[in-house]
Amino acid sequence: MLKPLLCAAVALACLVAACARNDAVAYNNRGGAYAGLNQYQRAIADYDQALRLDPNLAVAYDSRGNAYADLKQHERAIADYDQALRLDPNDAATYYNRGGAYGVMGNRARAYQDLRRACALGSQPACDWLTENPAP
């Protein structure tokens with residue numbers, strides 16, 4: 001248990017210097033480290049900063065969407081996934097993530113649509129899920 005926390009602490013320390021240079025990718029990566037520590041509000045703050053620095057950084061929208069999903073704020077997560085997909089319409093991971101959010105919200109049709117698209121784009125977890133959970 002200590003080793004993952006130590007690794008995360010080292011990653012955060014290394015990213016502080018990069019963030020000081022106002023590097024959008026560094027803020028996004030540090031946000032990921034915070035999310036890995038279940039510090040979702042801090043993660044969202046870093047994703048926000050990444051997006052202020054680079055509003056076209058699709059991965060930051062996807063990452064922030066994941067943080068919102070972890071906080072059970074699925075509508076906000078979907079809004080971020082939508083924006084990520086506008087910027088990068090072939091991102092299998094974002095379709096997979098949005099499909100999961102739609103599923104949690106009870107919108108099975110949209111969930112299956114996104115999971116099928118994720119699978120078609122090469123997401124093995126999406127393909128596996130669809131195999132285990134065939135559409136009605």
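# Chatting through an all-helix model

Q: Hi! Which cysteines does the disulfide join here?
A: In this predicted model, a disulfide joins Cys 119 to Cys 127, with an S to S distance of 1.9 Å.

Q: How many disulfides does the count come to?
A: The count comes to 1 disulfide.

Q: And what about its handedness, right or left?
A: The disulfide is right-handed, because the torsion about the S-S bond of Cys 119 and Cys 127 is about 105°.

Q: Cool. Is Cys 127 buried or exposed?
A: Cys 127 counts as buried, at 17% relative accessibility. The cut-off for buried is under 20%. Its partner, Cys 119, has a relative accessible area of 24%, so Cys 119 is partly exposed.

Q: Which helices do those cysteines sit in?
A: Cys 119 is in helix 7 and Cys 127 is in helix 8. Both belong to the set of residues where these helices meet: Tyr 112, Leu 115, Arg 116, Ala 118 and Cys 119 on the helix 7 side, and Ala 126, Cys 127, Trp 129 and Leu 130 on the helix 8 side.

Q: What kinds of residues are those, by class?
A: The contact of helix 7 with helix 8 has 8 nonpolar residues, no polar ones and 1 charged.

Q: At what angle do helix 7 and helix 8 pack?
A: Helix 7 (residues 108-120) and helix 8 (residues 124-132) pack at about 130°, and their axes are 7 Å apart. That angle is why the two count as oblique to each other. Helix 7 passes helix 8 in a left-handed crossing.

Q: Let me zoom out. How many helices and strands does the chain have?
A: The protein chain has 8 helices and 0 strands. Reading along the sequence, you get α-α-α-α-α-α-α-α.

Q: Ha, easy to remember. What share of the residues is buried?
A: Of the 136 residues in the protein chain, 41% count as buried.

Q: And what share of the contacts comes from residues 24 or more positions apart?
A: They account for 35% of the contacts with a separation of 6 or more.

Q: Back to helix pairs. How do helix 2 and helix 3 cross?
A: The axes of helix 2 and helix 3 come within 8 Å and cross at roughly 170°. That makes helix 2 roughly antiparallel to helix 3. The crossing of helix 2 past helix 3 is left-handed.

Q: Which residues make that contact?
A: Helix 2 brings Ala 24, Tyr 27, Asn 28, Arg 30, Gly 31, Gly 32, Tyr 34 and Ala 35. Helix 3 answers with Tyr 40, Arg 42, Ala 43, Asp 46, Tyr 47, Gln 49, Ala 50 and Leu 53. By class, the residues in the contact of helix 2 with helix 3 are 9 nonpolar, 4 polar and 3 charged.

Q: Asn 28 caught my eye. Is it buried or exposed?
A: Asn 28 counts as buried, at 7% relative accessibility. It lies in helix 2.

Q: So what is Asn 28 in contact with?
A: Leaving aside neighbours within four places in sequence, Asn 28 is in contact with Tyr 47, Ala 50, Leu 57, Val 59, Ala 60 and Ser 63.

Q: What about another asparagine, Asn 38: where is its place?
A: Asn 38 is in the loop between helix 2 (24-36) and helix 3 (40-53). With a relative accessible area of 53%, Asn 38 is exposed. Its phi is near 65°, a positive value in a residue other than glycine.

Q: Why point out the sign of phi?
A: Because most residues other than glycine have a negative phi.

Q: Got it. What is the phi of Lys 72?
A: Lys 72 has a positive phi of about 65°, although it is not a glycine. Lys 72 lies in the loop between helix 4 (58-70) and helix 5, and counts as exposed at 62% relative accessibility.

Q: Last one! How do helix 5 and helix 6 cross?
A: The axes of helix 5 (residues 74-87) and helix 6 (residues 92-104) come within 9 Å and cross at roughly 155°. The two helices are therefore roughly antiparallel to each other. Helix 5 passes helix 6 in a left-handed crossing. The residues in contact include His 74, Ile 78 and Tyr 81 of helix 5 and Thr 94, Tyr 95 and Asn 97 of helix 6. By class, the contact of helix 5 with helix 6 has 8 nonpolar, 3 polar and 2 charged residues.

Definitions and conventions: Residues are numbered from 1 along each chain as its sequence is written. This is a predicted model: local features need pLDDT of at least 70, side-chain atom pairs count only at pLDDT 80 or more; totals for chains, interfaces and linings use all residues. Side-chain values use heavy atoms; hydrogens and water are left out. Axes are lines fitted to C-alpha atoms, for helices over the stretch in contact, and angles run from 0 to 180 degrees between N-to-C directions. Helices (H or I, at least four residues) and strands (E, at least two) are DSSP runs, numbered from the N terminus. Angles under 35 degrees count as roughly parallel, over 145 as roughly antiparallel, 65 to 115 as roughly perpendicular and the rest as oblique. A crossing is left-handed if the near helix is turned anticlockwise from the far one by less than a right angle, and right-handed if clockwise. Contact means heavy atoms within 4.5 Å. Ala, Val, Leu, Ile, Met, Phe, Trp, Tyr, Cys and Pro count as nonpolar, Asp, Glu, Lys and Arg as charged, and the others, Gly among them, as polar. A disulfide is a pair of cysteine sulfur atoms within 2.5 Å. Buried means under 20% relative accessible area, exposed over 50%, partly exposed in between (1.4 Å probe, protein chains only).
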